[in-house]
Amino acid sequence: MPSVHYHSAKPGYNASNDPPWSAKLNQLYWTGSTTGGHNDRNRKNLHRHRLVDFVNSPNRTITLLNQTLPEGPWQPFQTTLSTVRHLFDVAFTKSVQCDEQTCEAMKEEYRFRDHQDADHAFKYRFVLDMDGNAWSGRYYTLLRSKSLVIKQGLFREFGDQWIIPWVHYVPISMDAAELPEVMRFLSQTPRGQRIAEGIAEEGRVWAERALREVDLKMAAGRAVLEWGRLMDRRRDEGGECPLGRTRVGERRVEGPRR
C-alpha cells in the first residue's frame, strides 16, 4: 500500500527547484527529526541516531578501498572518517518522541540544524533516504529529482518489486559501514561520478513512468481488493475473472453489458 504521505497536501517534486547534476553540491545530504523509536537512555541504538553520529565522528575508524592499477584488485585499508568527512551534510533538525530532559540532552549531543524546506535536498548530488517510525514518506519525491538516492531501510514499499538497486538507486546496509567508501567512489573518482549520474538519471526516468498519481491509486485499489478478498468468508469460492465473466463456485455471473 503506498504511504499516505504520497497523497498528502505537502508539496511534491517541483522541477524548477531542481538544478542540473553539474550545478549540484558534491555531497550527501539528509536532515530530519529523531524518529524511529522512543528516545530514552538507549537512543544511541536507534538507526537514525547511529547514522547521524557515524558520519559526524571524524575520528571513527572506517574501511576504504584502493585500486593501485586501473584493472587491478581493490585493496581495503583503514583510515579515519576525517578523510571523507567533507562529503557528508547530515544532521538532526528536531527532537521528538522524548521527554523534556532528553530532548534538551540530544541538542547537546548532536549538531542540530535549522529546518530546511524539502526542496533544499535537490541542491545536492546525493540524497539519503532512511526509515523513521516506518517508511520515510520522501523516498519517491527524491527519486523524481536529478539527484542520486542512497537508501537505507527495512520497511518495504509497494514499488520495491519493480525498482532495481544499483540501477535506480544505491542501497546501504543498516550499519552503513560501506557508506564512506560508496561516497568516496561515487563522488571522487571519474568512473564513480559517471556511474552516479547515470543511476540518478535512471531513477528519475523510472519514477516518472512508475510513480504517477494514477499508479499510486491503482496500487492502493489493488491492496484494498485483496484485503476484501482475504476478509470475505466465501473467499475460497472465488475464481478468476476472464474477460468480464466470473465463476463463483458453481454460480456464473455475467460481466457488465456494453
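**Exercise 1. Burial in helix H1**

Task: State how many residues of helix H1 (residues 47-55) are buried, and list them.

Solution. Start with the cut-offs: buried means under 20% relative accessible area, exposed means over 50%, and partly exposed lies in between, with a 1.4 Å probe and protein chains only. Helices (H or I, at least four residues) and strands (E, at least two) are DSSP runs, numbered from the N terminus. Now count. Seven of the nine residues of H1 are buried, and the helix is mostly covered. They are His-47, Arg-48, His-49, Leu-51, Val-52, Phe-54 and Val-55.

Ground rules for all exercises: this is a predicted model, in which local features need pLDDT of at least 70 and side-chain atom pairs count only at pLDDT 80 or more, while totals for chains, interfaces and linings use all residues. Residues are numbered from 1 along each chain as its sequence is written, and side-chain values use heavy atoms, with hydrogens and water left out.

**Exercise 2. The chain as a whole**

Task: Give the secondary structure count, the buried share and the share of long-separation contacts.

Solution. The chain has six helices and nine strands. Of its 258 residues, 40% count as buried. For contacts, use heavy atoms within 4.5 Å. Take the contacts with a separation of 6 or more: residues 24 or more positions apart account for 59% of them.

**Exercise 3. The parallel sheet**

Task: Write down the strand order of the open sheet, then trace its pairings.

Solution. Two strands pair if DSSP finds at least two bridges between them.

1. Five strands are ordered E4-E1-E5-E6-E7, with parallel pairing.
2. Strand E4 (88-94) and strand E7 (170-171) are the edges, and each pairs on one side only.
3. Strand E1 (residues 25-33) joins E4 through six bridges. Gly-32 stands opposite Phe-92 there.
4. E1 joins E5 through three bridges. Leu-25 has Tyr-124 as its bridge partner in E5.
5. E5 and E6 share five bridges. Val-127 faces Val-149, and Phe-126 faces Leu-148.
6. E6 and E7 share two bridges. Ile-150 has Val-170 as its partner in E7.

**Exercise 4. Strand E6 inside the sheet**

Task: Which residues of E6 point one way, and which the other way?

Solution. Begin with the general pattern: in a regular strand the side chains alternate between the two faces of the sheet. In E6, Leu-148, Ile-150 and Gln-152 point one way, and Val-149 and Lys-151 point the other way. Five of the five residues are buried, so E6 is largely enclosed by the rest of the structure. For E5, seven of its seven residues are buried.

**Exercise 5. Helices H4 and H5**

Task: Describe how helix H4 (residues 179-188) packs on helix H5 (residues 190-210).

Solution. Axes are lines fitted to C-alpha atoms, for helices over the stretch in contact, and angles run from 0 to 180 degrees between N-to-C directions. The axes of H4 and H5 meet at about 95° and lie 5 Å apart. That makes H4 roughly perpendicular to H5, a class that spans 65 to 115 degrees. On H4, the contact uses Phe-185, Leu-186, Ser-187 and Gln-188; on H5, it uses Pro-190, Arg-191, Gly-192, Gln-193, Ile-195 and Ala-196.

Next, relate both helices to the sheet. H4 lies across E1, E4, E5, E6 and E7, at about 140° to E1. H5 lies across E1, E5, E6 and E7, at about 85° to E6. Finally, check burial. Nine of the 10 residues of H4 are buried, so H4 is largely enclosed by the rest of the structure.

**Exercise 6. The nonpolar cores**

Task: Which residues of the largest nonpolar core touch the most other members?

Solution. A nonpolar core is a set of buried Ala, Val, Leu, Ile, Met, Phe, Trp, Tyr and Cys residues joined through side-chain atoms within 4.5 Å. The largest has 35 residues, and Phe-88, Phe-126, Leu-148, Ile-150 and Leu-179 touch the most other members. H4 gives the largest share, five residues. Leu-148 has touching residues that include Trp-21, Leu-186 and Ile-199. A second, separate core has 20 residues, among them Tyr-6, Tyr-139, Tyr-140 and Leu-211.

**Exercise 7. A loop residue**

Task: Is Asp-114 buried or exposed?

Solution. Asp-114 sits in the loop between helix H2 (100-109) and E5. Asp-114 is exposed, at 63% relative accessible area. The C-alpha atoms of Asp-114 and Gly-32 are 10.0 Å apart, with the two positions 82 residues apart along the chain counted as their separation.

Notes: Parallel < 35°, antiparallel > 145°, perpendicular 65-115°, else oblique. Lists of a residue's contacts leave out its neighbours within four places in sequence.
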